[in-house]
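Here's a quick briefing for anyone about to poke at the coordinates. Take a look at the structure first, then read on.

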Amino acid sequence: METLNFDLDKKPLREVNQFLHGDASGLNGKSVVIENPNGAHSIAVGLKSDVHVTIKGHAGYYAAGMNQLAKVTIEGSAGSGVAENMMSGTVHVKGFASNAAGATANGGLLVIDGDAGLRCAIALKGADVVVGGSVGSFSAFMAQAGNFVVLGDAGEGLGDSIYEAKVFVRGKVKSLGADCEIKTMDAESKKILIDLLAKSGHKDVSPDSFTQYGSARTLYHFHVDNAGAY
Amino acid sequence: MSDDKSTDTIHKTPQTTPRQSATFDAYTNSEIRRSAATGIYDIRGGGSKRKLPHFDDLLFLGASVSRYPLEGYREKCGTDVVLGARFAKKPIHLRTPVTIAGMSFGSLSGRAKEALGRGASAAGTSTTTGDGGMTQEERGHSTTLVYQYLPSRYGMNPDDLRKADAIEVVIGQGAKPGGGGMLLGQKITKRVAKMRCLPEGIDQRSSCRHPDWTGPDDLEIKINEIREITDWEKPIYVKIGATRPYFDVALAVKAGADVIVLDGMQGGTAATQEVFIEHVGIPILAAIRPAVKALQDLGMYRNGKNSVQLIVSGGIRNGADVAKAIALGADAVAIGTAALIALGDNDPHLEAEYQKLGTTAGAYDDWHEGKDPAGITTQDPELMKRIDPVKAGHRLANYIAVMTMEAQVVARACGKSHLHNLEPEDLVALTIEASAMAQVPLAGTNWIPGVTKF
C-alpha cells in the first residue's frame, strides 16, 4: 500500500486537506500520515474517499469532521467535536477526546480508547460511538438515532431528551436526563452491542455487564403535565 | 303607577357607554381564556404583530436645489450586490439586493420551496434552506442557494454543503432570538421525519445552541472548519436575531463571517411561542445602525476586498423599505413573510376556508398546524397541490422586480446612481422614537435624540 507523508510543520494544513479532497479514484486505498499535528484544528475534515489517514499526535477541534468513507486514526488525543456530523467511515482516537465527540454523527463508527468530555454523542443521528473510558455530563443529549457504548462511567444528565438512540453504559451513571430510562436489553440490542464491542477492540468484554438506556418517549408530544421537563 | 314609571325614566342616572379596557383588550382576554382552558402557551407562526417603530416612520429627502436627481428610466441606477468576497473563491453576485430568507422544507411544502427557488432565480437573487436540510425541489430550481447550518443540524451533510453556493451559520432569528426551531407533529410526515432523522409525528423541538461549539472563539474555529471542508470556495454568512447588534456583529465578524444576516423581531418563524415572538428581540429599525457601526469600527464596512456585507430582514415589504434599509447601511435585505404572501399565503380569495379555521385572511398564523388552505405552510399532500410552483414563482419574481424598481425610483430621486449610494443623510424621521432608533433627524429639525441636543 502506498503511503504519503505530510509534515504540518512544513506544509500548510490547507494544502493537506485540499489533497485529501482529491478525486476518490486517486485516493482510495492510499495511506496518508500526518506528522506534527500539534493540536491543529480541522485536520482531515470533509474527506470523501476510502483513504486511510493517520494523525501522529494530538488533533485540535473537529478532526475528521463530516467524514465520509475514510478511515482516520488519531494516535494522540482529540479536541472538541472529533468526527462531528460523520456520515460513514471510521474514526479512531487512541487517546482522550474533548467535548462533543461524535456530535450529530449520521453514520460510521467513532472509537475513543480513553475518556470523552461533556456532551459526547450529542444529537447523534445514526452513527455508532464507542468510548473505552468514561464520558462527561450531558452525553447523548437529544440523541436521535444510532448506538452509544460507554465502557466506563457516565456523568450527569445522560440521554436528556433522547429520541430513538440506544445507549449502553457498563459503569455508573451519575444521573439520567429528562425522559431517559433504563431499558431491558433485547436480543437485537444485545447483538448490536456485541458487534460494536468486537469492532472497537473490546471483544472480550461481556455484553451482560452493560445496562441499556433509551427514551421513555414521554416528551414526544407537548403536554401540560410535562411543563417542568421542557 | 304609570306616572311614577315615566318620572323614573326621566330622572334615571344616564348610562355610560360600555368601555373596553386598553390593558385588558379583547385579544388579551381571549388569550387568558385560551390559557385557562388549555394549560399550554400559545404557539403560532409569523413575526411580531404589534405596532412597532418601522421604516414607515422614515421619509426620504428627494433632490431639489441643493442637489440634483437622476432621470427615471434613463439614467442608470445600479441594483447589483456582491456578497462574501472577503475570503471565498466564489462570492455571490445578485442582480437585486432583495434575497429570500431561510425557510425550512417541513415548515413549507416542497412545492412552496420550489416556487421560492423559481421566483428567486428569475429575479436574479438567492434563496435559503432552513431547519430541515436541502431538498431537490429547492436546489434544482435555485440558481443561487444559501445552505443554513443550524443548531439542530437536521439533514446536514457534507454533500449538500458542497452543493451550496453559500453557507449561513444560524445563531438565531428575529422572531425568537435565543430559541430553537419547532415543528409540531402534524407536519412531521414520513419524508420530513426521514430528512430530520426523527420519529414520525412527534412534536419536534430543535436545540437553541449549536452542539459542538460555544462562544465566539469556538465559532471562529467552526467557520474555519466549514471553509476547510468546502475548500474556501463559499462565503460564510452568520445569521443573528436582533438583540445586541453592535456586540453580536462585532464578534461574528471577528469570528470570520463574510456576511452578517441581521433579523429584526418582525421576522417570521414557522412556529414558536407567542410570548417569544412579541417580547424578545428588537425591531429591525433599531438594529441596523449599531450593526453598521460595528462594521465601521472594525474597518470592515464597504472597504473594498476587506468588507463584510450586511443583510437585514424583518418586516421588509416594498421598495421603500428596501431603500431605507440600504440607506441606513445594509447591503441587501431578505424577505420571508412578504415572499409567502406573494406566493399566495393569506390570500382573500381563500376567505371561506380561513373562516372555517376560525380566522380571517391576513390573520392566519397557525402555520404549525399544517392546515394552510394556500398549500404553503403544510405537508398535507392534498393541500399542497393547491400551489402551482410555476405560477407562484412567477408572482414572486414580479414582486421582487417591483420592489427593486421602487427602490430605484427613490434612489434616483435622491440623485443616486446605485442603491448602495443611498445614505442616512437622505433620510428623516417622522417620530422621535424612529429618529432615535435610526439615528436620522426628526423631520424639519437637526435633532437626533441621543446624538444631538434639541
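What follows covers ground rules, one strand and its partners, two buried residues and a pocket.

This is a predicted model, where local features need pLDDT of at least 70, side-chain atom pairs count only at pLDDT 80 or more, and totals for chains, interfaces and linings use all residues. Residues are numbered from 1 along each chain as its sequence is written, chains are lettered from A and ligands numbered from 1 in the order in which they are written, and side-chain values use heavy atoms, with hydrogens and water left out.

**Strand E15 of chain B**
- E15(B) spans residues 332-335 (strands, E, are DSSP runs of at least two residues and helices, H or I, of at least four, numbered from the N terminus), and both of its faces are covered.
- On one side sit B:Ala332 and B:Ala334, on the other B:Val333 and B:Ile335, and all of them are buried (under 20% relative accessible area, with exposed over 50% and partly exposed in between, using a 1.4 Å probe and protein chains only).
- Strand E5 of chain B (residues 98-100) pairs with E15(B) in the parallel sense over three bridges (pairing takes at least two DSSP bridges between the strands), and B:Ile100 stands opposite B:Ile335.
- Strand E14 of chain B (residues 309-313) also pairs with E15(B) in the parallel sense over three bridges, with B:Ser313 opposite B:Ala334.
- E14(B), helix H11 (residues 319-327) of chain B and E15(B) form a right-handed β-α-β unit (with the strands pointing away from the viewer, the path from the first strand over the helix to the second runs clockwise).

**Two buried residues**
- B:Ser126, in strand E6 (residues 126-128) of chain B, counts as buried because its relative accessibility is 2%.
- Beyond neighbours within four places in sequence, the contacts of B:Ser126 include B:Thr99, B:Ile100 and B:Val146 (contact means heavy atoms within 4.5 Å).
- Over in chain A, A:Asp128 belongs to strand E7 (residues 125-131), and it counts as buried because its relative accessibility is 15%.
- With neighbours within four places set aside, A:Asp128 touches A:Gly108, A:Leu109, A:Leu110, A:Asn147 and A:Leu196.
- The C-alpha atoms of A:Asp128 and A:Gly107 are 6.9 Å apart, although 21 residues separate them along the chain.

**Second largest pocket**
- Its lining has 31 residues, and A:Phe141, A:Met142, B:Ser206, B:Ser207 and B:Cys208 lie nearest the centre.

Technical notes:
1 Å grid on protein atoms, 1.4 Å probe; cavity = no way out; pocket = protein on both sides within 12 Å on 5 of 7 lines; lining within 4 Å.
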